[in-house]
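Me: I have a new model open on my screen and I'd like some help reading it. Could we go through it feature by feature?

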Amino acid sequence: MTAAAPIDLGAPPPIPEAARHRVAELLASGRLHRYREGDASPGAAARLEAAFAELVGARYAVATNSCGSALYLALRGAEVKPGDRVLMGAFTLAPVLGAIVNAGAQPLAVEITPDLVIDLDDLEAKAEASGARHLLVSHMRGHICDLDRLAALCDRLGLVLIEDCAHTLGATWAGKPTGSFGRAGCFSFQSAKHVNSGEGGIIATSDPDLAAQAILHSGSYMLYRQNGTCPPDAVMARWRDRCANFSLRLSEIAAELALAQIAELPARARDWNASHDRIAAALAAEPGFALPHRPQAEGYVQSSLQFRLPRFSAPLMAGFVAACRDRGLYLKWFGVTEAEGYTSGPKHWALLPGAPAAPRSQEILDTLCDLRLPLGLSPAQCDRIAEILVAAHGDVATRNAP
Ligand SMILES: *Cc1c(COP(=O)(O)O)cnc(C)c1O
């Protein structure tokens with residue numbers, strides 16, 4: 001075997017040529033802030049909001065400096081009050097917990113299923129036991145639950161649904177965009193997500209009061225009419241003097257970068273899914289590997305790949321991750337003892353005040369691996385990735401055979 005060169009899985013989505021051009025023009029003009037006195041011509045952030053609302057099929061969109069900020073403002077706009085309990089899926093990223101804490105609320109974890117989506121039975125039990133009025137669900141790593149069932153269940157339980165779509169920009173359930181099933185959907189433009197503007201986020205909602213509060217809280221000053229999808233004046237009048245300015249705006253540069261990439265989403269989705277499906281198919285045929293079941297109605301955009309090795313103990317999992325890294329493949333593991341890089345889970349948040357526990361989910365995460373998929377992987381690279389995973393698994397399993 002020839003020594004393998006590392007495969008760089010960390011490459012962010014590229015910045016289109018047209019966007020670089022427009023950013024250069026923006027720099028020449030110096031107009032880097034989205035709000036302007038005495039000039040109402042729509043800037044990049046406003047155009048992004050109009051385009052994004054249309055993409056998701058929402059009436060309004062509000063751009064923010066991150067998805068974490070978007071989640072925080074969506075929770076506030078949905079009337080989460082300090083001391084409230086907010087339900088969240090246990091499989092998520094740290095800023096989701098952070099958004100709930102930022103709103104002064106108490107996070108309560110709902111377990112996930114082995115298919116990596118929220119467990120609707122546990123949701124029902126916890127909603128009834130806790131009296132919570134809000135659910136913040138993450139379509140974590142692109143895995144989408146039955147959103148029609150979830151929305152109907154939330155209605156029945158009196159829960160306001162907020163969707164965290166940081167990994168599902170461009171994805172659908174039964175043909176309808178994620179982010180359009182609840183009161184609001186929040187998306188990320190951070191470099192590791194589907195649209196890369198470095199930092200950035202956006203809220204999509206059809207609720208005029210939520211949109212109005214988010215615009216004002218995000219820091220529109222009295223220039224809120226420059227938002228790309230501003231609610232009617234009568235709605236703004238209800239809120240304009242009652243919302244503090246938190247300065248969570250998106251910059252014009254980031255907005256230009258995001259706007260240009262929205263048009264590329266269908267092509268990106270095809271690229272990511274081709275890589276994902278090729279590797280997933282190879283692994284599904286291997287004993288020892290378990291892949292999440294993907295329902296027909298799920299229109300995923302899979303910029304990463306997850307699989308479990310359900311028969312492996314923690315030491316074997318650690319050995320498997322090390323064997324992959326030795327072969328030049330940077331694999332991540334949600335069961336790792338100490339949180340690493342972007343990877344963390346409920347057990348790593350245990351020391352945060354009020355951190356939620358989720359023992360059944362942790363058990364699933366203890367054998368769950370995670371592989372980032374950059375755009376532009378060739379079929380040969382995908383095959384090599386699958387070969388490395390299978391070989392590393394074989395090595396560890398044989399070494400530990402009874
Ligand atoms: C990245 C991410 C976020 C937060 O996005 P930022 O833009 O980095 O604040 C929220 N939820 C999930 C599931 C994420 O992966």
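Me: Let's start with one residue. Which residues does Arg-85 touch, not counting those up to four places away in sequence?

Reply: Before that, keep in mind that this is a predicted model. For touching, look for heavy atoms within 4.5 Å of each other. By that test Arg-85 touches Gln-106, Leu-108, Ser-130, Ala-132, Arg-133 and His-134. Take Arg-133 from that list: it is 48 residues from Arg-85 along the chain, yet their C-alpha atoms are separated by 7.3 Å.

Me: Where is Arg-85 placed, and is Arg-85 buried or exposed?

Reply: Arg-85 sits in strand 2, which covers residues 85–89. On burial, under 20% relative accessible area is buried and over 50% is exposed. Arg-85 has 41%, so it counts as partly exposed.

Me: How does Ala-109 read, buried or exposed?

Reply: Buried: the relative accessible area of Ala-109 is 3%. Ala-109 belongs to strand 3, residues 106–110. Leaving out residues up to four places away in sequence, it touches Met-88, Ala-90, Asp-122, Lys-126, Pro-356, Ala-357 and Ala-358. As for Cys-145, 36 residues from Ala-109 along the chain, the two C-alpha atoms are 16 Å apart.

Me: And what does Gln-213 contact, apart from its neighbours within four places in sequence?

Reply: Gln-213 is in contact with Arg-76, Gly-77, Trp-239 and Cys-243. Its place is in helix 7, residues 208–218. A polar side chain can still be checked with the burial cut-off of under 20%, and Gln-213, at 7%, is buried.

Me: Now a helix. What span should helix 2 have?

Reply: Count 1.5 Å for each residue after the opening one. Helix 2 has 13 residues (44–56), so the expected span is 18 Å, and its end C-alpha atoms are 18 Å apart, which agrees. Right after helix 2 comes Gly-57, with a positive phi near 80°.

Me: Which residues of helix 2 are buried, and what do they pack against?

Reply: The buried ones are Ala-44, Ala-45, Ala-46, Leu-48, Glu-49, Phe-52, Ala-53 and Val-56. Their packing partners are strand 1 (60–64), strand 7 (176–177), strand 8 (184–188), strand 9 (201–205) and helix 9 (252–262).

Me: There's a ligand too. How many residues surround the ligand, and which are the closest?

Reply: Here, "surround" means having a heavy atom within 4 Å. There are 14 such residues, and the closest are Gly-68, Asp-164, His-167, Ser-188 and Lys-193. Next, look for N or O pairs. An N or O atom in the side chain of Asp-164 is 2.7 Å from a nitrogen atom of the ligand. His-167 places a polar side-chain atom 2.7 Å from a ligand oxygen, and Gln-190 has one 3.3 Å from an oxygen atom of the ligand. Altogether, the protein covers 94% of the 380 Å² of accessible area that the ligand has on its own.

Me: Let's zoom out. How many helices and strands are there in the protein?

Reply: The protein has 13 helices and 13 strands. Its radius of gyration is 22 Å, close to the 21 Å that the globule rule gives for 402 residues, so it is as compact as a globular protein of that length. Along its principal axes, the C-alpha trace spans about 75 × 55 × 35 Å.

Me: What share of the residues count as buried?

Reply: Of the 402 residues, 55% do. The protein exposes about 16500 Å², with carbon and sulfur atoms supplying 55% of that area.

How values were computed
Residues numbered from 1 in each chain as written. Predicted model: local features only at pLDDT ≥ 70, side-chain atom pairs only at ≥ 80, totals over all residues. Heavy atoms only, no water. Helix = DSSP H or I, 4+ residues; strand = E, 2+ residues; numbered from the N terminus. Buried < 20%, exposed > 50% of the residue type's maximum accessible area, 1.4 Å probe, protein only. Polar contact = N/O pair within 3.5 Å; in protein donor to acceptor, adjacent residues only side chain to side chain. Areas by Shrake-Rupley, 256 points an atom, 1.4 Å probe, with all protein chains shown as cover. Rg over C-alpha atoms; globule rule 2.2 N^0.38 Å.
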